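Colleague: Could you take one part of this model and walk me through it slowly, with the terms explained as you go?

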There are 2 protein chains.
Amino acid sequence: MPASETDNLAADIEAACTHNPNVSCGDCRLSGICLPLALGSSDIDHLDNIIQRGRPLQRHAHLFREGDEFKAVYAVRSGTLKAYRVTDSGNEQITGFYLPGEILGLDGIADGVHHSSAYALETAAICEIPFEALEELGRELPQLQRNFLRVMSREISEDQQLITLLGKNSATERIVALLLSLSSRNARRQLSATRFRLPMSRSDIGNYLGLTVETVSRTLTRLQRDQLLRIDNREVELLAAPELTAMLN
Amino acid sequence: MPASETDNLAADIEAACTHNPNVSCGDCRLSGICLPLALGSSDIDHLDNIIQRGRPLQRHAHLFREGDEFKAVYAVRSGTLKAYRVTDSGNEQITGFYLPGEILGLDGIADGVHHSSAYALETAAICEIPFEALEELGRELPQLQRNFLRVMSREISEDQQLITLLGKNSATERIVALLLSLSSRNARRQLSATRFRLPMSRSDIGNYLGLTVETVSRTLTRLQRDQLLRIDNREVELLAAPELTAMLN
DNA sequence: CGCCTGTTTGACTCGCGTCAATGAAAGTGG
DNA sequence: CCACTTTCATTGACGCGAGTCAAACAGGCG
């Protein structure tokens, strides 16, 4: 077994158990970073009762599409999704990647219609949180209401971070920023911050960061040549996190 | 009096009356597009009671700064503000312009700290909406709670629009998109969609769109040469809105 | 008026996109 | 299980759009 597979054992185990549709919020290992954050256990039970956990979303399947009626927001339990919009001229712009513990579908609340599509990059388990029920429950559980507003606010803040990245940073800086973002989101889930598997293709990375595939590839090659990281296909190892972080300053 | 001043008479009158700190939500001509949207009149009165209306914010003054404790969100009554962040390397990235009827400060909810600064491009009247009180009132008035979620969701959606613009569009397309956005936001406030005054400098436009001042200036000159618009300093007239719209497709 | 900031225009440069070709990996069907 | 196809990734040569540097010109404000 190659080294890279061993390294992802932890991730595989996590995937295996969070794929399980019968895990409730109270038992979910992501409850510390997801919507239930800081809820008491009886409140969590209430939240649990409104959440729908269907069978896993197949890889390459859509969770919802731009234009679909908005009925629920979704928490990722395992796997990775990308959210994207199609521009007037027909090409795709990825607006975010969603990892376990993160919530998507928030742009549909405004007018009851999803403004982006969500697509599974790998098989994913999803908690569906019907919006009407969430609103009602939020009225009874102020902490839940507050958490939900925080989740939305964080999404705004992160989108603005991306705007800044796209507006001001070079190709290299954008790519480093994405790698560090993935790294810290992994760390938050108790996974390795230095070695992980990219859930998305080079072309998705380029699309997200406003770059071409070729630029992404060349940049990664150069970062590797400069000993800042090692990358083999989708397996990344950050060799010099401090130096990488410094590149963004 | 030059033609451009006459044209802005309507805007001046609006500014004059919405600057008045004593106008309540029920009387405000922006209530149809602002937070009170679709509230009954008694509910509006409740909302009114929590809103603070101080004296106007002076041009070039800050409403809040990045790092300030988050205590309230703000509705613009008159004037224009820009929101911006300072990057690690010390330069500014504008994340949005806020016109009358629009709400800012939403990125502070997540962790109680503002992640952007807000700065008045021209003298502005502001409604301050203390967040705790809004949360409490929201629990009693589901429609208000819903409106607030919608406002946040719209902010997300618009930020993603900007991400797409920055990721996929040329300098010309970005500039045209901004002009059309300002145009439609003016129309929403019953002002002219074809003739208006830019509230921001060329350098702010460039900053917002990820371009340099020179590129903004050259692009506007070219659009004028091509008879798509007329621009004299900050006074714009869109001569061919359909063609401009078509440029984004 | 004179300063200071904002705007325009020109000449030059360069990072990233485009086009093209090859190679590696993953998915598909017999 | 292997051949075939398709998708994904890498690398090179070249060109262009937008950035940089520089200078002149408003225009607003004290």
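Modeller: What follows is a close look at the protein surface around DNA strand D.

This is a predicted model, in which local features need pLDDT of at least 70, side-chain atom pairs count only at pLDDT 80 or more, and totals for chains, interfaces and linings use all residues. Residues are numbered from 1 along each chain as its sequence is written, chains are lettered from A and ligands numbered from 1 in the order in which they are written, and side-chain values use heavy atoms, with hydrogens and water left out.

A residue is near a strand if one of its heavy atoms lies within 4 Å of it. There are 19 residues around DNA strand D, and those that come nearest are R202(A), R218(A), T221(A), A171(B) and T215(B). On the DNA side, sugar and phosphate make up 64% of the atoms of strand D that come within 4 Å of the protein.

Some of these approaches are polar contacts (here, a pair of N or O atoms within 3.5 Å). T221(A) places a polar side-chain atom 2.9 Å from a phosphate oxygen of DNA strand D, while G210(B) has a polar backbone atom 3.3 Å from a phosphate oxygen of that strand. R218(B), by contrast, reaches a base oxygen of DNA strand D, with a polar side-chain atom 2.9 Å away.

The elements that give two or more residues to this surface are helix 7 (202–209) and helix 8 (213–225) of chain A, together with helix 8 (213–225) of chain B; such helices are DSSP runs of H or I with at least four residues, numbered from the N terminus. Helix 8 of chain A gives the largest share, 4 residues.

How values were computed. Polar contact = N/O pair within 3.5 Å; in protein donor to acceptor, adjacent residues only side chain to side chain.
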